[in-house]
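Me: I'd like a close look at one part of this model, the nonpolar core and what sits around it. Could you walk me through that part in one go?

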Amino acid sequence: MRVSQRLYHARMIPPRPDPPSPPRQLTDPPPDIPPGAQGAPDIQIASARLRDLPAIAALQRRAFPPPLAYTLSTLVVLWALPWVRLLAARRNGQILGVVIGDRVVEGGRVINLAVDPVVQRQGVGTALLHAVERTLPGGDMTLMVQSGNSAARSLYRSVGYEDAAENPNYYGPGRPGVRMRKRRG
Ligand SMILES: CC(C)(COP(=O)(O)OP(=O)(O)OC[C@H]1O[C@@H](n2cnc3c(N)ncnc32)[C@H](O)[C@@H]1OP(=O)(O)O)[C@@H](O)C(=O)NCCC(=O)NCCS
């Protein structure tokens, strides 16, 4: 899959730059996630550092089939965009999962979520979703998910997302996607 396809989500709704946030510098410390967004107490969630991206790319390859895993180059591009939030969940320093979100006109959007297969069903995905929502306050949250991805759809429903629309060819010819929305008042 080409980088342009991997960034398809980001093109669906033109991203709105966040004026108060200057472009991230390589030396910036990662912003803290507010208390209460961490989920399970032994999991720490914070913005990924540049040096985390190779491990996150490896995690992507473990969690997704090859066409859907974000490559290192895609992750670097997303990490550098000031309106994108790229958060990693860790336990004892080891990266367990990642979530990528961004600001869009209607609020926030989840672009990518992946949890290492060896730690799935331990609440990591839930904690990452809550964390990215807190970093993207205001407006509804939206996301796209493959229609057949029952695990992810179950997770999204469990934290308040509802099916909003189906696109029969979103992930390619004959590969439908469901747009889900979480209303935030
Ligand atoms: C989808 C994914 C992110 C879930 O992460 P996770 O850390 O395992 O999720 P959680 O432990 O927080 O699960 C919360 C709830 O979601 C639902 N859920 C999660 N995985 C499920 C599965 N395999 N089958 C059914 N329900 C599931 C359950 O309701 C679960 O609660 P429970 O464990 O108390 O029953 C993970 O399976 C993953 O990375 N999959 C591969 C990549 C992917 O599909 N990403 C989403 C792309 S849109």
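Reply: Two residues are in contact here if their C-beta atoms, placed from the backbone, lie within 7 Å. Keep in mind that this is a predicted model.

With that cut-off, take Leu 128. Leaving out residues up to four places away in sequence, Leu 128 touches Ile 45, Leu 87, Ala 89, Gly 97, Val 99 and Leu 113. Leu 128 is also among the residues with the most contacts inside the largest nonpolar core, along with Leu 87, Val 98 and Val 99. That core has 38 residues, and α5 gives the most to it, with six. As a rule, nonpolar side chains in soluble globular proteins tend to be buried together.

Now over to Ala 48, which sits in the loop between β1 (44–47) and α3 (53–63). Ala 48 counts as buried because it has 23 C-beta neighbours inside 10 Å. Skipping neighbours within four places in sequence, its contacts are Leu 53, Ile 56, Trp 79, Leu 86, Leu 87, Ala 88 and Val 98. As for Ile 95, its C-alpha atom is 9.6 Å from that of Ala 48, with the two positions 47 residues apart along the chain counted as their separation.

Then there's the ligand. It is surrounded by 19 residues, and the closest are Gln 120, Gly 125, Thr 126, Ala 151 and Leu 155. The elements giving two or more residues to that shell are β4 (107–115), α5 (124–135) and α6 (150–158). Of these, α6 gives the most, with five residues. By class, the shell has ten nonpolar, eight polar and one charged residues.

Definitions and conventions: Residues numbered from 1 in each chain as written. Predicted model: local features only at pLDDT ≥ 70, side-chain atom pairs only at ≥ 80, totals over all residues. Near = placed C-beta within 6 Å. Helix = DSSP H or I, 4+ residues; strand = E, 2+ residues; numbered from the N terminus. Nonpolar A, V, L, I, M, F, W, Y, C, P; charged D, E, K, R; others polar. Buried ≥ 20, exposed ≤ 12 C-beta atoms within 10 Å, placed from the backbone. Core = buried A, V, L, I, M, F, W, Y, C linked by C-beta atoms within 7 Å.
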